[in-house]
Amino acid sequence: MTAEIRQVPAGKRPEDENLGLGANIAYGFQHVLTMYGGIIAVPLIVGQAAGLPSAEIGMLIAASLFVGGAATLLQTLGIRFFGCQLPLVQGVSFASVATIVAIVTTGGGLPSVFGAVIGASLIGLLITPVFSKIIRFFPPLVTGAVITTIGLTLMPVAARWAMGGNSQAADFGSMTNIGLAGATLAIVLVLSKLGNAAISRLSILLAMVLGTLLAWSIGLVDFSRVLDGPVFAFPTPFHFGMPVFELAAIISMLIVVLVILVETSADILAVGDIIDTKVDSRRLGDGLRADMISSAIAPMFGSFTQSAFAQNVGLVAVTGVKSRYVVAAAGAILVTLGLMPIMGRVIATVPTAVLGGAGIVLFGTVAASGIRTLAKVNYTNNMNLIIVATSIGFGMLPIAAPSFYHHFPTWFETIFHSGISSTAIMAILLNLLFNHLSWGNSDKQSVFAAGTERTISEADIACLNDGDYFVDGKLFDAEGNEVTIESCKGRASGKPRLKTVANDH
């Protein structure tokens with residue numbers, strides 16, 4: 001594997017760079033480890049809610065890995081009308097968990113869940129042209145706020161992972177778990193500090209491996225069950241029964257699909273901004289269609305709604321590896337894991353606390369990328385500052401207080417319980433209100449933005465003459481004579497603040 005990322009030829013998109021088989025697999029495996037905990041969490045939660053035995057839950061997990069890998073390949077490599085050809089990892093969306101559990105526990109069962117996912121995803125597929133046309137309403141002002149919120153909303157996930165993942169476990173939040181997460185974080189930082197570019201870019205993967213070995217050395221990792229169960233197993237179509245289409249379930253799932261469309265739009269635009277490539281309405285539409293068709297097919301194999309994984313957007317930012325072929329390799333690995341449960345059991349031995357230590361860097365990098373994008377925004381004589389402040393603050397509400405929308409209608413809670421969706425919706429609406437609907441806007445600077453820019457009074461400008469210029473902090477007139485600059489005390493006396501030195505030559 002080459003130690004340096006090769007320069008992309010002029011005229012070639014950065015995501016089209018191919019690093020070679022070895023590098024693609026190595027960096028792709030890092031993507032798999034980053035999202036593995038997230039992709040298996042949904043089938044674990046749903047399987048337990050449905051009362052399935054462990055073997056059946058294992059089949060749900062295998063199906064999620066298989067479908068997630070296939071969806072990733074479609075998204076990264078793309079075919080006509082499907083796939084944005086960007087380094088985006090696809091997997092089961094967390095946004096659907098609450099709705100799925102609600103359908104399962106109210107008597108519908110998994111067949112009703114699968115029917116709802118199929119029906120809602122097909123409706124989502126039909127309305128993707130609407131979403132793909134709104135790209136002009138996603139300037140850096142909006143995408144920066146959303147990217148920042150993505151990183152911030154993922155931090156509680158990193159914290160739970162660092163504490164052990166399972167809040168019901170006796171060792172949840174123990175010094176051992178947090179210490180292991182801290183050690184993993186320290187390894188990431190040390191490896192990133194080394195002069196070797198390849199090691200630095202693989203720091204997350206290597207830290208996870210070393211963190212797992214450290215956990216094994218103190219008895220926190222058990223490899224004894226790796227050989228339990230089959231080595232190969234293909235997900236059986238409709239293993240959990242034929243889908244049942246119920247209108248109420250489809251409507252409730254459609255709200256989730258709308259949330260996924262908003263989140264995926266944000267992720268596509270975010271990764272496009274991070275790798276500095278063009279994302280137009282056609283490309284956005286291709287990405288959303290890939291999302292929806294993958295979601296519609298997923299239930300046939302026993303999986304659920306698919307969406308881009310925000311934590312992997314952070315990995316792209318932190319490693320600087322922009323190639324879509326790396327993420328395609330991750331998709332191939334996921335498909336393989338879905339066909340080889342034994343490999344999934346190997347990766348499952350990585351302690352959740354180790355994932356938490358790496359997650360702090362990954363998710364923090366997403367937020368930092370958003371801040372970098374927001375730095376491109378013009379805040380002079382406009383309301384952009386309050387748009388950013390309100391959007392991010394609104395998105396933080398359900399993160400700071402998870403029960404904030406508990407007494408709201410279910411459809412409202414489903415949409416706004418996601419901090420990412422909340423920020424995206426608020427940023428889009430406020431951008432439309434203040435920057436596209438100019439009626440009622442003031443030409444004066446907003447009180448919220450006052451003081452954020454350096455200003456010079458008219459009296460100061462009046463003291464200057466044509467041709468005056470500054471060099472190394474000193475003021476000179478047009479003839480090159482230095483001009484004395486009086487202290488600010490001169491204002492109180494009413495004396496001129498700038499006084500020309502005698503210009504005799």
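Author: In this predicted model, helices α4 and α9 cross in a right-handed sense.

Reader: How is the packing of two such helices described, and what angle do the axes of α4 and α9 make?

Author: Two packed helices are described by the angle between their axes and by the distance between those axes. Here the axes of α4 (residues 109-132) and α9 (residues 247-274) come within 8 Å and cross at roughly 45°. The two helices are therefore oblique to each other.

Reader: Which residues of α4 and α9 meet?

Author: From α4, the participants include Gly115, Gly119, Ile123, Ile127 and Phe131, and from α9 they include Ile250, Met253, Leu254, Val257 and Leu261. By class, this contact has 14 nonpolar, seven polar and no charged residues.

Reader: What sign does phi have in most residues other than glycine?

Author: Most residues other than glycine have a negative phi. In this model, Gln85 has a positive phi, near 55°. Gln85 is placed in the loop between α2 (54-77) and β1 (90-92), and its relative accessibility of 23% makes it partly exposed. Phe238 likewise has a positive phi near 55°. The loop between α8 (203-217) and α9 holds Phe238, which is partly exposed at a relative accessible area of 32%.

Reader: Is Asn177 buried or exposed?

Author: Asn177 has a relative accessible area of 9%, so it is buried. This residue belongs to helix α6 (residues 175-193). Its side chain reaches the backbone oxygen of Met163 at 3.1 Å. Leaving aside residues up to four places away in sequence, Asn177 touches Ala162, Met163, Gly164, Asp171, Phe172 and Ala353.

Definitions and conventions: Residues numbered from 1 in each chain as written. Predicted model: local features only at pLDDT ≥ 70, side-chain atom pairs only at ≥ 80, totals over all residues. Heavy atoms only, no water. Helix = DSSP H or I, 4+ residues; strand = E, 2+ residues; numbered from the N terminus. Buried < 20%, exposed > 50% of the residue type's maximum accessible area, 1.4 Å probe, protein only. Polar contact = N/O pair within 3.5 Å; in protein donor to acceptor, adjacent residues only side chain to side chain. Contact = heavy atoms within 4.5 Å. Axes fitted to C-alpha atoms, helices over the stretch in contact; angles between N-to-C directions. Parallel < 35°, antiparallel > 145°, perpendicular 65-115°, else oblique. Left-handed = near helix turned anticlockwise from the far one by under 90°. Nonpolar A, V, L, I, M, F, W, Y, C, P; charged D, E, K, R; others polar.
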